[in-house]
Amino acid sequence: MEITGNKKGKREFQQSLGFVALQMCLLAVIISLGVLLVFIFVKGIGVINPDFFIKFPEDGMSSGGIFPAILGTLLLSLVAVFFAVPMGVLTAVWLVEYSTSYKMVRILRIGINSLAGVPSIVFGLFGLAFFVKFMGFGPSLLSGGLSLGVLILPTVIRTSEEALLTVPVSFKEASLGLGATRWETVYRIILPNSISGILTGIILSVGRAAGETAPILMTGATFFTMRLPNSLFSEVMALPYHIYALMTEGTHPNQLAIAYGTAVVLMMLVLVINSIAIYIRIMARRARQW
Amino acid sequence: MSEEPKITVRNFNAYYSGKMALKDVNIDIPENKIMAMIGPSGCGKSTFLRSLNRMNDLIEGFTVTGGMMIDGKNIYDKDVDVTKLRRNVGMVFQKPNPFPKTIFENIAYGLKINKLCKSRDELSGKVEESLKEAGLWEEVKDELNKSAFALSGGQQQRLCIARAMVVRPEIILMDEPTASLDPISTAKIEELIQELKKSYTIVIVTHNMQQAARVADRTAFFMLGEMVEYSDTSVMFTKPEKKITEEYITGRFG
């Protein structure tokens, strides 16, 4: 058997060429991401100090902090979650465990996936037409939060579905075989064994909601307010919208630095949220017995 | 057989999305006996078993015609409550499938959902009783709060049998219960099955003809969705009526 030979043949050359191309692509992605992060950090880090987190904007937003925007973003995300989670998880449960028509599920799934691909400004427009005008909530924390909720709903449904499907069918059969109803099987066996996956999906979509501008642009975010929200019907400031406001309306040079500082805070926030999701996933994987 | 059979099947047909899986099956299964079903893969024996507790209802497009009676009542009648049916027709699966819960909670599950216990003491009592019947008590009595996944495959399967028994069904269905087990665990389970027939009617699907010969009172041979032959096990394995049955049990195909 002849197994030694020249490794510099044409096939090997093609292979190394392919590898190099792939590595270049990877490198390009990492570098552009890195440049982006460093750029924003360098420009924004100067304004970040403890006061930046707890103070109101001052002097026409050219100094002071961004506390109302941080609070606003947290509250908007909270409203979004309160809306999207029960609805999304229950929809997923229905799709996975209850529906009997495969055809219908497929049609619904196509609808949900398409919804996930709709540009976020369209959700803003929908929020304006439906929550602000039709429901009469006005531009408010509620309208903005619900618009964000609708935006993340498809993601919540999809990730919940995936989590539910990881539960082995054999658990379900065992439960049904003992005379459990579908609902008993869902809440005693299926949900407890998929909850970490569902949570991960929810947290990731919160990260998404926190960073969105378009859906809240016309539904609840305000350019500037000196008051903290005191009800669901207050208008709120929000981090992404604050950046937008500073960049488009500002004339004071310091506003640019504050905009970058706000961007850093927003990125940190999303990073923290995503890290929580990753942590939950790791813990759940370690605890999983099957 | 003079007494009334526990399960009576008449002209039973089953279809997956219109495709026939069982054709005109007629069987009487006597009470407190073990009935084994043998036959090559895809012969319909599992379909038949899973029709007996309507587990196939989960499959979209599954339909049946004809009658499948337990104590004279057709289980496919409109007024049948499937959850009650399944509580009375327990099932043990091919691969041991304990819940990712403790040993105790695995057994307690059926009692809890069917609300069969009024107190914590009664619950513990029934769990213990069931584990004893499954011959598992001595092995697990000190570790009831450990995960069921810590048990060996054979122990897990006996746990699943105990879990099925604790709600006191009248019939227990077993779908190749020893297919994934070693010979020693298999022997223990077969012993247990013999013990169980005092209280339950048992229907078992097996790939293993020797197993049918060892445990079953009656044996049915299925092929291509039809029940080819059904008789006392001793007759089936010594003087099969049909040529094809003989060819199968002597291992000429399978």
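This briefing describes aromatic pairs, charges over rings, a surface patch and the surroundings of one lysine. The model is predicted. Across all chains, the count of aromatic pairs comes to 15. Two of these pairs, both in chain B, are described below, beginning with Phe12(B) and Tyr76(B) and continuing with Phe221(B) and Tyr248(B).

**Aromatic pairs in chain B**

- The rings of Phe12(B) and Tyr76(B) form a tilted pair, with 5.9 Å from centre to centre and 45 degrees between the planes.
- This pair joins distant parts of the chain, since Phe12(B) belongs to strand β1 (residues 7-16) and Tyr76(B) to the loop between β5 (73-74) and α2 (82-88), 64 residues apart.
- Phe12(B) and Tyr76(B) are both buried.
- Phe221(B) and Tyr248(B) form a stacked pair, in which the centres are 4.9 Å apart and the planes make an angle of 25 degrees.
- Here too, distant parts of the chain are linked: Phe221(B) lies in strand β9 (residues 218-223) and Tyr248(B) in helix α10 (residues 243-249), 27 residues apart.
- Phe221(B) has a relative accessibility of 0% and therefore counts as buried.
- Tyr248(B) is also buried, because its relative accessible area is 3%, and buried means under 20%.

**An aromatic cluster in chain A**

- One aromatic cluster is made up of Phe126(A), Phe130(A), Phe131(A) and Phe134(A).

**Charges over rings in chain B**

- Arg163(B) is placed over the face of Phe99(B), 4.5 Å from the ring centre.
- Arg218(B) has its charged end over the ring of Tyr230(B), at 4.4 Å from the centre of that ring.

**A nonpolar surface patch in chain A**

- Val20(A), Met24(A), Leu27(A), Ile31(A), Val35(A) and Phe39(A) make up a nonpolar patch on the surface, and together they have about 570 Å² of accessible area.
- One of these residues, Phe39(A), is located in helix α1 (residues 10-44) of chain A.
- Phe39(A) counts as partly exposed because its relative accessibility is 44%, a value that falls between the limits of 20% for buried and 50% for exposed.

**The surroundings of Lys101(B)**

- Lys101(B) is situated in the loop between β6 (89-92) and α3 (103-113) of chain B.
- With a relative accessible area of 24%, Lys101(B) is partly exposed.
- Apart from neighbours within four places in sequence, Lys101(B) is in contact with residues of chain A, namely Arg188(A), Ile189(A) and Gln289(A), and with residues of chain B, namely Asn106(B), Tyr109(B), Lys146(B), Ser147(B) and Ala148(B).
- Lys101(B) and Lys33(B) are separated by 68 residues in sequence and by 32 Å in space, from C-alpha to C-alpha.

Note on methods: Residues are numbered from 1 along each chain as its sequence is written. Chains are lettered from A and ligands numbered from 1 in the order in which they are written. This is a predicted model: local features need pLDDT of at least 70, side-chain atom pairs count only at pLDDT 80 or more; totals for chains, interfaces and linings use all residues. Side-chain values use heavy atoms; hydrogens and water are left out. Rings of Phe, Tyr and Trp (its six-membered ring) pair if their centres lie within 6.5 Å; planes under 30 degrees apart count as stacked, over 60 as edge-to-face and the rest as tilted. Helices (H or I, at least four residues) and strands (E, at least two) are DSSP runs, numbered from the N terminus. Buried means under 20% relative accessible area, exposed over 50%, partly exposed in between (1.4 Å probe, protein chains only). A charge sits over a ring if NZ of Lys or CZ of Arg is within 6 Å of the ring centre and within 35 degrees of the ring normal. Patches are made of residues with over 30% relative accessible area and no salt bridge: like charges are joined within 9 Å, nonpolar side chains (Val, Leu, Ile, Met, Phe, Trp, Tyr) within 5 Å. Accessible areas come from the Shrake-Rupley method with a 1.4 Å probe; for residues, only the protein chains shown count as cover. A salt bridge is a side-chain nitrogen of Lys or Arg within 4 Å of a carboxyl oxygen of Asp or Glu. Contact means heavy atoms within 4.5 Å.
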